[in-house]
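Open the model in your viewer and keep a selection box handy. We will walk from the surface inwards, one stop at a time.

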Amino acid sequence: MNREDVLIVCALEIETQGEMDDYSVLYTGVGKVNATFKLTERLCDSNYYSLKPKLVINYGTAGSRKIKKKQLVDCTKFVQRDMDVTGLGFMKGQTPFENLVPIILDYDHVKFNPIGRKASCGSGDNFVEDRTNYYGEVVDMEAYALAKVCHHYDINFISFKYITDGADEQSHEDWEKNLSDGIKEFKERVLNKIR
């Protein structure tokens with residue numbers, strides 16, 4: 001994979017610790033709305049339109065009750081964990097009256113994946129500290145939104161998440177404590193594979 005074909009998308013600059021200067025990086029801010037808006041804005045910007053990426057890589061931090069802390073994991077399946085209209089007969093994670101987008105966005109086919117675990121990621125606009133709104137092996141706040149934008153624009157997508165916390169009552173403390181460790185592993189295991 002060539003660098004000029006890749007756009008790296010992160011929620012916050014603090015997650016990259018100033019280590020991404022040599023790459024095309026977009027910072028979106030926290031949450032699904034910010035992620036959707038910023039990536040769509042970038043893909044539609046006439047200054048970048050001819051440089052449309054072949055692959056969008058999302059890097060960020062996440063919580064998990066199934067994967068140990070301080071692990072870098074690849075996510076290839078994405079669901080909107082806080083979409084719940086089960087009261088009207090829809091499945092959890094299903095956006096009502098939206099037939100063209102599957103409940104789980106599956107990017108298992110993406111060839112660039114130096115890790116190969118292929119975890120599922122549930123995205124929602126809340127920081128998980130208890131058992132509510134926990135859906136997927138990994139929980140974050142942006143990946144589903146980014147995957148959906150890429151689905152609409154027919155761009156390959158993959159997410160690499162550094163597990164900072166156990167998605168429990170200690171999450172906020174663990175996130176702050178482990179935040180800076182992930183970028184080193186991401187550079188070594190993922191970015192070094194991009195020419």
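Is N47 buried or exposed? Select N47 and look: N47 is exposed, with a relative accessible area of 61%, where exposed means over 50%, buried under 20% and partly exposed in between (1.4 Å probe, protein chains only).

Before moving on, note that this is a predicted model, in which local features need pLDDT of at least 70, side-chain atom pairs count only at pLDDT 80 or more, and totals for chains, interfaces and linings use all residues. Residues are numbered from 1 along each chain as its sequence is written, and side-chain values use heavy atoms, with hydrogens and water left out.

**Stop 1: the loop with N47.** N47 sits in the loop between α1 (32-44) and β3. Helices (H or I, at least four residues) and strands (E, at least two) are DSSP runs, numbered from the N terminus. Now add Q71, which is 24 residues away along the chain; the C-alpha atoms of N47 and Q71 are separated by 37 Å.

**Stop 2: strand β3.** Select residues 55-63, which make up β3. Here 9 of 9 residues are buried. L55, I57, Y59, T61 and G63 lie on one side, and V56, N58, G60 and A62 on the other. Next, show the neighbouring strands; two strands pair if DSSP finds at least two bridges between them. β1 (residues 6-10) pairs with β3 in the parallel sense over 4 bridges, and V6 has L55 as its bridge partner in β3. β8 also runs parallel to β3, joined by 9 bridges. To find that pairing, select A62 and I163 of β8, which stand opposite each other.

**Stop 3: a lysine inside.** Stay on strand β8 and pick K161. At 1% relative accessibility, K161 is buried. What does the side chain of K161 make a polar contact with? Show the side chains of N58, at 2.9 Å, and D140, at 3.0 Å. A polar contact is a pair of N or O atoms within 3.5 Å; within protein, one must be able to donate a hydrogen and the other to accept it, and residues adjacent in sequence count only if both atoms are side-chain atoms. Leaving aside residues up to four places away in sequence, K161 touches residues including Q71, L72, V73 and V138, a touch being heavy atoms within 4.5 Å.

**Stop 4: I155.** Step back to the loop between α2 (143-153) and β8, and select I155. I155 is buried, with a relative accessible area of 4%. Add L43: I155 and L43 are 112 residues apart in sequence, yet 10 Å apart in space, C-alpha to C-alpha. L43 is one of the residues that I155 touches, and others among them are K52, P53, Y107 and C150.

**Stop 5: the largest nonpolar core.** A nonpolar core is a set of buried Ala, Val, Leu, Ile, Met, Phe, Trp, Tyr and Cys residues joined through side-chain atoms within 4.5 Å. The largest one has 48 residues, of which I8, L39, I57, F78, V138 and F186 touch the most other members. α2 gives the most to this core, with 7 residues. Zoom in on L39 to see its contacts, which include L7, V9, L26 and L146.

**Stop 6: helix α4.** Finish with residues 182-189, where G182, I183 and F186 are buried. Seen down the axis of α4, the buried residues fall within an arc of 95°, so they line one face of the helix; the arc is that of the directions from the helix axis to the C-beta atoms. Their cover includes β3, β4 (72-80), β8 (156-165) and α3 (171-178). Rotate to the face turned away from the buried side, and you will find the exposed residues K184 and E188.
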